[in-house]
Amino acid sequence: MAELNKDLFNIKDENEFYTASKQVREYKESHPDKEFLSLGIGDVSKPIIKPVIEAMHKAVDDLSSMETFKGYGPSHGYDFLKEAILENEYKNFSFSKDEIYISNGTKIDTTSILELFDKDSKICIANPLYPIYKNGAYALSRKITYIKADEENDFLAQIPDEHFDIIYLCSPNNPIGIAYTKAYLKKWIDYAVLNKAVILYDNAYFAFISSEDVPKSIYEIENAKKVCIEFRSFSKSLSFTGVRCSYYIIPNEICENINSIWKKRTINRFNGADYIAQKGAEATYKEESQKLIKENILDYMKHVRTLKTFFQSLGFTVFGGEDSPFIWVKIKENLTSWEIFHLFLEKLNVIITPGIIFGKEGDKFFRVSGLASEEVINEAMERIRAFYEGK
Ligand code: PLP
(Lines give C-alpha, C1' and ligand atoms only; values in the text may rest on other atoms or scores of the structure.)
Protein backbone atom coordinates (compact mmCIF):
# COMPACT_ATOMS: atom_id res chain seq x y z
CA MET A 1 0.00 0.00 0.00
CA ALA A 2 1.14 3.54 -0.70
CA GLU A 3 2.48 5.00 2.55
CA LEU A 4 1.34 8.38 3.80
CA ASN A 5 3.79 11.26 4.18
CA LYS A 6 5.06 10.75 7.75
CA ASP A 7 6.11 14.38 8.00
CA LEU A 8 2.48 15.49 7.90
CA PHE A 9 2.02 13.76 11.26
CA ASN A 10 4.27 16.48 12.71
CA ILE A 11 1.36 18.90 12.35
CA LYS A 12 -0.20 18.61 15.79
CA ASP A 13 -3.99 18.77 15.59
CA GLU A 14 -4.49 20.06 19.10
CA ASN A 15 -2.55 23.28 18.46
CA GLU A 16 -3.88 24.43 15.13
CA PHE A 17 -6.21 27.10 13.76
CA TYR A 18 -8.60 24.52 12.41
CA THR A 19 -8.88 22.89 15.85
CA ALA A 20 -9.96 26.23 17.31
CA SER A 21 -12.41 26.74 14.41
CA LYS A 22 -13.77 23.21 14.86
CA GLN A 23 -14.29 23.74 18.58
CA VAL A 24 -16.08 27.03 17.89
CA ARG A 25 -18.28 25.39 15.24
CA GLU A 26 -19.21 22.46 17.48
CA TYR A 27 -19.95 24.72 20.44
CA LYS A 28 -22.09 27.00 18.25
CA GLU A 29 -24.02 24.02 16.86
CA SER A 30 -24.81 22.76 20.33
CA HIS A 31 -25.89 26.28 21.46
CA PRO A 32 -28.02 27.55 18.56
CA ASP A 33 -29.81 30.08 20.80
CA LYS A 34 -26.62 32.05 21.59
CA GLU A 35 -25.14 34.95 19.63
CA PHE A 36 -21.38 34.58 19.13
CA LEU A 37 -18.94 37.42 18.51
CA SER A 38 -15.60 36.79 16.85
CA LEU A 39 -12.43 38.68 17.68
CA GLY A 40 -10.53 35.62 16.59
CA ILE A 41 -9.41 34.38 13.18
CA GLY A 42 -8.01 37.35 11.28
CA ASP A 43 -10.68 37.65 8.62
CA VAL A 44 -11.83 41.09 7.51
CA SER A 45 -15.30 42.54 8.08
CA LYS A 46 -15.42 45.29 5.46
CA PRO A 47 -16.77 44.62 1.96
CA ILE A 48 -14.62 45.13 -1.12
CA ILE A 49 -14.48 48.77 -2.21
CA LYS A 50 -16.58 49.91 -5.17
CA PRO A 51 -13.85 50.69 -7.78
CA VAL A 52 -12.44 47.19 -7.28
CA ILE A 53 -15.88 45.57 -7.53
CA GLU A 54 -16.50 47.53 -10.75
CA ALA A 55 -13.17 46.36 -12.20
CA MET A 56 -14.06 42.76 -11.37
CA HIS A 57 -17.53 43.13 -12.96
CA LYS A 58 -15.83 44.44 -16.09
CA ALA A 59 -13.44 41.46 -16.00
CA VAL A 60 -16.40 39.07 -15.84
CA ASP A 61 -17.84 40.81 -18.90
CA ASP A 62 -14.50 40.34 -20.69
CA LEU A 63 -15.00 36.60 -20.31
CA SER A 64 -18.35 36.71 -22.07
CA SER A 65 -17.16 37.78 -25.51
CA MET A 66 -14.84 36.07 -28.01
CA GLU A 67 -12.75 39.22 -28.49
CA THR A 68 -11.91 39.75 -24.82
CA PHE A 69 -12.18 36.22 -23.41
CA LYS A 70 -9.23 35.03 -21.28
CA GLY A 71 -8.33 31.39 -20.77
CA TYR A 72 -5.13 30.25 -19.10
CA GLY A 73 -3.11 33.29 -18.16
CA PRO A 74 0.64 33.60 -17.55
CA SER A 75 1.76 31.38 -14.61
CA HIS A 76 3.57 34.36 -13.08
CA GLY A 77 0.77 36.88 -13.50
CA TYR A 78 -0.45 39.32 -16.13
CA ASP A 79 1.85 42.16 -17.10
CA PHE A 80 -0.88 44.74 -16.39
CA LEU A 81 -0.81 43.87 -12.68
CA LYS A 82 2.97 43.40 -12.45
CA GLU A 83 3.46 46.84 -14.02
CA ALA A 84 0.91 48.46 -11.70
CA ILE A 85 2.58 46.97 -8.60
CA LEU A 86 6.11 47.83 -9.69
CA GLU A 87 5.09 51.39 -10.56
CA ASN A 88 3.07 52.02 -7.40
CA GLU A 89 4.82 49.95 -4.73
CA TYR A 90 8.41 49.47 -5.86
CA LYS A 91 9.18 52.49 -8.04
CA ASN A 92 12.44 53.28 -6.25
CA PHE A 93 13.84 49.77 -6.40
CA SER A 94 13.99 49.16 -10.18
CA PHE A 95 12.80 45.56 -10.18
CA SER A 96 12.01 44.01 -13.55
CA LYS A 97 8.82 42.10 -14.37
CA ASP A 98 10.90 38.91 -14.20
CA GLU A 99 11.43 39.46 -10.49
CA ILE A 100 7.75 39.71 -9.48
CA TYR A 101 5.23 36.87 -9.24
CA ILE A 102 1.48 37.24 -8.95
CA SER A 103 -0.17 34.46 -7.01
CA ASN A 104 -3.29 33.50 -5.10
CA GLY A 105 -2.30 34.00 -1.49
CA THR A 106 0.64 34.68 0.77
CA LYS A 107 -0.18 31.53 2.73
CA ILE A 108 0.73 29.29 -0.18
CA ASP A 109 3.51 31.63 -1.38
CA THR A 110 5.44 31.73 1.90
CA THR A 111 5.41 27.95 2.21
CA SER A 112 5.84 26.75 -1.38
CA ILE A 113 8.88 29.05 -1.77
CA LEU A 114 10.84 26.42 0.16
CA GLU A 115 10.83 24.38 -3.07
CA LEU A 116 13.28 26.97 -4.41
CA PHE A 117 15.92 25.88 -1.90
CA ASP A 118 17.85 22.72 -1.22
CA LYS A 119 15.90 20.30 0.96
CA ASP A 120 18.75 20.18 3.50
CA SER A 121 18.69 23.95 4.01
CA LYS A 122 18.70 24.95 7.67
CA ILE A 123 15.48 26.85 8.31
CA CYS A 124 14.66 28.95 11.36
CA ILE A 125 11.32 30.21 12.52
CA ALA A 126 10.57 32.46 15.50
CA ASN A 127 8.47 31.15 18.37
CA PRO A 128 5.69 32.32 18.58
CA LEU A 129 4.87 32.99 14.91
CA TYR A 130 2.23 32.47 12.20
CA PRO A 131 2.09 28.64 12.30
CA ILE A 132 1.67 28.13 8.58
CA TYR A 133 5.42 28.46 7.95
CA LYS A 134 6.27 25.53 10.20
CA ASN A 135 3.40 23.38 8.92
CA GLY A 136 4.28 24.23 5.31
CA ALA A 137 7.87 23.21 6.04
CA TYR A 138 6.67 19.89 7.50
CA ALA A 139 4.47 19.30 4.45
CA LEU A 140 7.60 19.62 2.30
CA SER A 141 9.58 17.37 4.67
CA ARG A 142 11.86 20.20 5.75
CA LYS A 143 13.37 20.42 9.21
CA ILE A 144 13.00 23.61 11.17
CA THR A 145 14.60 25.16 14.25
CA TYR A 146 12.85 27.62 16.53
CA ILE A 147 14.48 30.84 17.58
CA LYS A 148 13.40 32.86 20.56
CA ALA A 149 11.06 35.81 20.10
CA ASP A 150 9.37 36.02 23.47
CA GLU A 151 8.40 38.70 25.96
CA GLU A 152 11.93 38.82 27.38
CA ASN A 153 13.17 39.93 23.94
CA ASP A 154 10.27 42.33 23.22
CA PHE A 155 9.02 39.58 20.89
CA LEU A 156 11.79 40.33 18.39
CA ALA A 157 13.16 37.25 16.61
CA GLN A 158 16.61 36.90 18.16
CA ILE A 159 19.55 36.81 15.79
CA PRO A 160 21.12 33.36 16.25
CA ASP A 161 24.74 32.55 16.98
CA GLU A 162 24.62 29.58 14.63
CA HIS A 163 24.27 29.40 10.85
CA PHE A 164 20.89 29.21 9.10
CA ASP A 165 20.19 29.24 5.36
CA ILE A 166 16.57 30.34 5.44
CA ILE A 167 14.94 32.70 7.94
CA TYR A 168 11.24 33.44 8.23
CA LEU A 169 10.48 36.97 9.41
CA CYS A 170 6.97 38.35 9.65
CA SER A 171 6.46 42.10 9.99
CA PRO A 172 3.97 43.50 10.86
CA ASN A 173 3.87 40.41 12.94
CA ASN A 174 1.11 37.89 13.29
CA PRO A 175 0.33 37.15 16.11
CA ILE A 176 2.15 39.77 18.24
CA GLY A 177 0.97 42.82 16.31
CA ILE A 178 4.36 44.56 16.47
CA ALA A 179 6.39 45.63 13.43
CA TYR A 180 10.17 45.50 13.05
CA THR A 181 12.07 48.76 12.75
CA LYS A 182 14.55 49.50 9.98
CA ALA A 183 17.38 49.38 12.50
CA TYR A 184 16.43 45.87 13.70
CA LEU A 185 15.88 44.55 10.19
CA LYS A 186 19.28 45.90 9.19
CA LYS A 187 20.82 43.57 11.79
CA TRP A 188 19.01 40.59 10.24
CA ILE A 189 20.10 41.63 6.75
CA ASP A 190 23.71 41.86 7.95
CA TYR A 191 23.34 38.35 9.43
CA ALA A 192 21.91 37.04 6.16
CA VAL A 193 24.69 38.64 4.08
CA LEU A 194 27.33 37.17 6.39
CA ASN A 195 25.73 33.71 6.36
CA LYS A 196 24.76 33.75 2.67
CA ALA A 197 21.24 33.15 3.93
CA VAL A 198 17.87 34.20 2.51
CA ILE A 199 15.19 36.01 4.53
CA LEU A 200 11.59 35.12 3.65
CA TYR A 201 9.93 38.38 4.64
CA ASP A 202 6.17 38.08 5.10
CA ASN A 203 4.86 41.61 4.72
CA ALA A 204 1.19 40.62 4.29
CA TYR A 205 0.10 43.47 6.61
CA PHE A 206 2.24 46.25 5.08
CA ALA A 207 -0.85 48.42 4.49
CA PHE A 208 -1.25 48.85 8.27
CA ILE A 209 2.20 50.40 8.79
CA SER A 210 2.25 54.04 9.85
CA SER A 211 5.36 54.32 12.10
CA GLU A 212 8.19 56.29 10.51
CA ASP A 213 10.90 53.87 11.62
CA VAL A 214 9.12 50.79 10.18
CA PRO A 215 9.82 50.15 6.48
CA LYS A 216 6.83 49.58 4.19
CA SER A 217 9.11 47.32 2.17
CA ILE A 218 12.21 45.43 3.30
CA TYR A 219 13.96 46.74 0.17
CA GLU A 220 14.17 50.17 1.80
CA ILE A 221 17.08 48.70 3.78
CA GLU A 222 20.59 48.51 2.39
CA ASN A 223 21.54 45.12 0.94
CA ALA A 224 18.01 43.70 1.24
CA LYS A 225 17.96 43.02 -2.50
CA LYS A 226 20.84 40.61 -1.98
CA VAL A 227 19.13 38.45 0.63
CA CYS A 228 15.36 39.06 0.92
CA ILE A 229 12.25 37.71 -0.76
CA GLU A 230 9.26 39.89 0.13
CA PHE A 231 5.68 38.59 0.19
CA ARG A 232 2.56 40.75 0.19
CA SER A 233 -1.13 40.05 0.04
CA PHE A 234 -4.27 41.88 -1.10
CA SER A 235 -6.28 39.87 1.47
CA LYS A 236 -6.46 42.38 4.29
CA SER A 237 -6.03 45.75 2.55
CA LEU A 238 -8.52 44.93 -0.22
CA SER A 239 -10.80 42.46 1.64
CA PHE A 240 -9.60 39.76 -0.78
CA THR A 241 -9.63 36.93 1.76
CA GLY A 242 -12.27 35.26 -0.39
CA VAL A 243 -11.11 36.50 -3.81
CA ARG A 244 -7.39 35.56 -3.49
CA CYS A 245 -4.52 37.57 -4.93
CA SER A 246 -0.98 38.14 -3.71
CA TYR A 247 2.50 38.87 -5.01
CA TYR A 248 6.13 38.41 -4.12
CA ILE A 249 9.51 39.66 -5.28
CA ILE A 250 12.56 37.48 -5.85
CA PRO A 251 15.44 39.85 -6.58
CA ASN A 252 17.90 38.70 -9.26
CA GLU A 253 20.67 39.88 -6.96
CA ILE A 254 20.11 36.97 -4.56
CA CYS A 255 21.99 34.60 -6.83
CA GLU A 256 22.53 33.69 -10.44
CA ASN A 257 19.64 31.85 -12.11
CA ILE A 258 17.32 32.26 -9.14
CA ASN A 259 14.45 33.53 -11.27
CA SER A 260 15.03 31.27 -14.23
CA ILE A 261 14.84 28.14 -12.07
CA TRP A 262 11.86 29.43 -10.06
CA LYS A 263 10.03 30.16 -13.32
CA LYS A 264 10.57 26.56 -14.40
CA ARG A 265 9.13 25.34 -11.13
CA THR A 266 6.19 27.76 -11.24
CA ILE A 267 5.24 26.95 -14.81
CA ASN A 268 5.08 23.28 -13.86
CA ARG A 269 3.11 23.76 -10.66
CA PHE A 270 0.75 26.70 -11.16
CA ASN A 271 -1.51 28.01 -13.90
CA GLY A 272 -1.63 31.55 -12.61
CA ALA A 273 -3.94 33.61 -10.40
CA ASP A 274 -7.50 34.25 -11.45
CA TYR A 275 -7.93 36.93 -14.17
CA ILE A 276 -10.87 38.54 -12.36
CA ALA A 277 -8.89 38.80 -9.10
CA GLN A 278 -5.92 40.33 -10.93
CA LYS A 279 -8.17 42.90 -12.60
CA GLY A 280 -9.63 43.74 -9.19
CA ALA A 281 -6.15 44.05 -7.68
CA GLU A 282 -5.06 46.37 -10.50
CA ALA A 283 -7.89 48.73 -9.56
CA THR A 284 -6.27 49.19 -6.12
CA TYR A 285 -4.04 51.80 -7.67
CA LYS A 286 -6.82 54.11 -8.82
CA GLU A 287 -6.82 57.34 -6.83
CA GLU A 288 -10.34 56.77 -5.49
CA SER A 289 -9.38 53.21 -4.41
CA GLN A 290 -6.36 54.44 -2.49
CA LYS A 291 -8.54 56.91 -0.62
CA LEU A 292 -11.11 54.25 0.31
CA ILE A 293 -8.43 51.73 1.32
CA LYS A 294 -6.80 54.29 3.60
CA GLU A 295 -10.17 54.99 5.23
CA ASN A 296 -10.74 51.27 5.85
CA ILE A 297 -7.28 50.79 7.33
CA LEU A 298 -7.70 53.82 9.59
CA ASP A 299 -10.98 52.37 10.78
CA TYR A 300 -9.44 48.98 11.56
CA MET A 301 -6.60 50.72 13.37
CA LYS A 302 -9.15 52.68 15.41
CA HIS A 303 -10.74 49.32 16.38
CA VAL A 304 -7.43 47.84 17.44
CA ARG A 305 -6.51 50.89 19.51
CA THR A 306 -9.90 50.75 21.23
CA LEU A 307 -9.34 47.06 22.01
CA LYS A 308 -5.84 47.73 23.31
CA THR A 309 -6.99 50.48 25.68
CA PHE A 310 -9.92 48.34 26.74
CA PHE A 311 -7.85 45.29 27.73
CA GLN A 312 -5.32 47.55 29.46
CA SER A 313 -8.16 49.14 31.45
CA LEU A 314 -9.03 45.65 32.72
CA GLY A 315 -5.46 45.18 33.95
CA PHE A 316 -4.11 43.08 31.09
CA THR A 317 -0.65 43.70 29.65
CA VAL A 318 -1.12 44.23 25.92
CA PHE A 319 1.41 44.21 23.07
CA GLY A 320 1.15 45.27 19.43
CA GLY A 321 -1.65 47.15 17.73
CA GLU A 322 0.53 50.02 16.43
CA ASP A 323 1.26 49.00 12.82
CA SER A 324 -0.93 45.92 12.75
CA PRO A 325 -4.57 44.97 13.23
CA PHE A 326 -3.67 42.53 16.03
CA ILE A 327 -3.04 42.80 19.74
CA TRP A 328 -1.36 40.15 21.86
CA VAL A 329 -2.83 40.01 25.34
CA LYS A 330 -1.05 38.45 28.32
CA ILE A 331 -3.33 36.22 30.35
CA LYS A 332 -3.47 37.62 33.88
CA GLU A 333 -5.15 34.60 35.45
CA ASN A 334 -3.46 31.30 36.05
CA LEU A 335 -4.95 29.84 32.85
CA THR A 336 -3.49 28.37 29.68
CA SER A 337 -4.44 29.93 26.37
CA TRP A 338 -6.84 27.05 25.57
CA GLU A 339 -8.48 27.54 28.99
CA ILE A 340 -9.09 31.25 28.45
CA PHE A 341 -10.29 30.53 24.89
CA HIS A 342 -12.92 28.13 26.34
CA LEU A 343 -13.83 30.52 29.14
CA PHE A 344 -14.50 33.34 26.64
CA LEU A 345 -16.30 30.99 24.24
CA GLU A 346 -18.55 29.31 26.79
CA LYS A 347 -19.19 32.07 29.36
CA LEU A 348 -19.18 35.13 27.07
CA ASN A 349 -19.71 33.62 23.61
CA VAL A 350 -16.74 35.69 22.45
CA ILE A 351 -14.12 34.10 20.21
CA ILE A 352 -10.43 34.89 20.64
CA THR A 353 -7.37 33.02 19.34
CA PRO A 354 -5.37 30.97 21.86
CA GLY A 355 -1.68 31.88 21.79
CA ILE A 356 -0.48 28.27 21.82
CA ILE A 357 -1.54 28.02 18.17
CA PHE A 358 1.46 30.23 17.36
CA GLY A 359 3.97 28.15 19.29
CA LYS A 360 4.73 26.91 22.79
CA GLU A 361 5.88 30.37 23.93
CA GLY A 362 2.44 31.72 23.08
CA ASP A 363 0.59 29.77 25.76
CA LYS A 364 0.42 32.69 28.21
CA PHE A 365 -1.29 34.92 25.64
CA PHE A 366 -4.26 35.28 23.36
CA ARG A 367 -4.59 37.22 20.12
CA VAL A 368 -7.40 39.67 19.41
CA SER A 369 -8.16 41.11 15.99
CA GLY A 370 -9.31 44.62 15.15
CA LEU A 371 -10.50 43.41 11.75
CA ALA A 372 -13.92 42.67 13.23
CA SER A 373 -16.70 45.24 12.80
CA GLU A 374 -17.23 48.08 15.28
CA GLU A 375 -20.58 46.59 16.39
CA VAL A 376 -19.01 43.21 17.15
CA ILE A 377 -16.11 44.83 19.01
CA ASN A 378 -18.37 47.07 21.11
CA GLU A 379 -20.66 44.21 22.10
CA ALA A 380 -17.72 41.90 22.84
CA MET A 381 -16.12 44.56 25.05
CA GLU A 382 -19.38 44.99 26.97
CA ARG A 383 -19.56 41.27 27.68
CA ILE A 384 -15.90 41.04 28.68
CA ARG A 385 -16.15 44.10 30.93
CA ALA A 386 -19.30 42.80 32.63
CA PHE A 387 -17.52 39.48 33.25
CA TYR A 388 -14.37 41.01 34.78
CA GLU A 389 -16.08 43.78 36.70
CA GLY A 390 -18.84 41.52 37.98
CA LYS A 391 -16.25 39.16 39.45
N1 PLP B 1 0.81 35.80 6.26
C2 PLP B 1 0.34 36.18 7.44
C3 PLP B 1 1.30 36.67 8.46
C4 PLP B 1 -1.02 36.08 7.73
O5 PLP B 1 -1.48 36.43 8.92
C6 PLP B 1 -1.91 35.61 6.75
C7 PLP B 1 -3.35 35.48 6.98
O8 PLP B 1 -3.91 35.59 8.01
C9 PLP B 1 -1.38 35.22 5.53
C10 PLP B 1 -0.02 35.34 5.31
C11 PLP B 1 -2.26 34.65 4.48
O12 PLP B 1 -2.50 35.58 3.50
P13 PLP B 1 -3.33 35.19 2.20
O14 PLP B 1 -4.77 35.42 2.51
O15 PLP B 1 -2.79 36.11 1.16
O16 PLP B 1 -3.05 33.75 1.88
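## Contacts of S324

Contact here means heavy atoms within 4.5 Å. The model is predicted. Leaving aside neighbours within four places in sequence, S324 is in contact with P172, N173, G177, F208, M301 and V304.

S324 sits in a loop. That loop runs between β9 (318-320) and β10 (326-330).

## Burial and a polar contact

Is S324 buried or exposed? Its relative accessibility is 1%. Buried means under 20%, so S324 counts as buried.

The side chain of S324 also has a polar partner in the backbone. One of its polar atoms lies 3.0 Å from the backbone nitrogen of F326. F326 falls at the start of β10 (326-330).

## Around the ligand

The ligand occupies the largest pocket. Around the ligand there are 14 residues. Of these, N174, D202, Y205, S233 and S235 come nearest.

## Polar contacts to the ligand

Which ligand atom does the side chain of D202 approach? It is a nitrogen atom, 2.6 Å from an N or O atom of the D202 side chain.

Oxygen atoms of the ligand have polar partners too. A polar side-chain atom of N174 is 2.7 Å from a ligand oxygen. For R244, a polar side-chain atom also lies 2.7 Å from an oxygen atom of the ligand. On its own, the ligand has 400 Å² of accessible area, and the protein covers 91% of that.

Methods:
Residues are numbered from 1 along each chain as its sequence is written. This is a predicted model: local features need pLDDT of at least 70, side-chain atom pairs count only at pLDDT 80 or more; totals for chains, interfaces and linings use all residues. Side-chain values use heavy atoms; hydrogens and water are left out. Helices (H or I, at least four residues) and strands (E, at least two) are DSSP runs, numbered from the N terminus. Buried means under 20% relative accessible area, exposed over 50%, partly exposed in between (1.4 Å probe, protein chains only). A polar contact is a pair of N or O atoms within 3.5 Å; within protein, one must be able to donate a hydrogen and the other to accept it, and residues adjacent in sequence count only if both atoms are side-chain atoms. A residue is near a molecule or strand if one of its heavy atoms lies within 4 Å of it. Accessible areas come from the Shrake-Rupley method with a 1.4 Å probe; for residues, only the protein chains shown count as cover. On a 1 Å grid over the protein atoms alone, a cavity is a set of points where a 1.4 Å probe fits but cannot get out, and a pocket is an open set with protein on both sides within 12 Å along at least five of seven lines; lining residues have an atom within 4 Å of a point. A molecule sits in a cavity or pocket if more than half of its atoms lie within 2 Å of its grid points.
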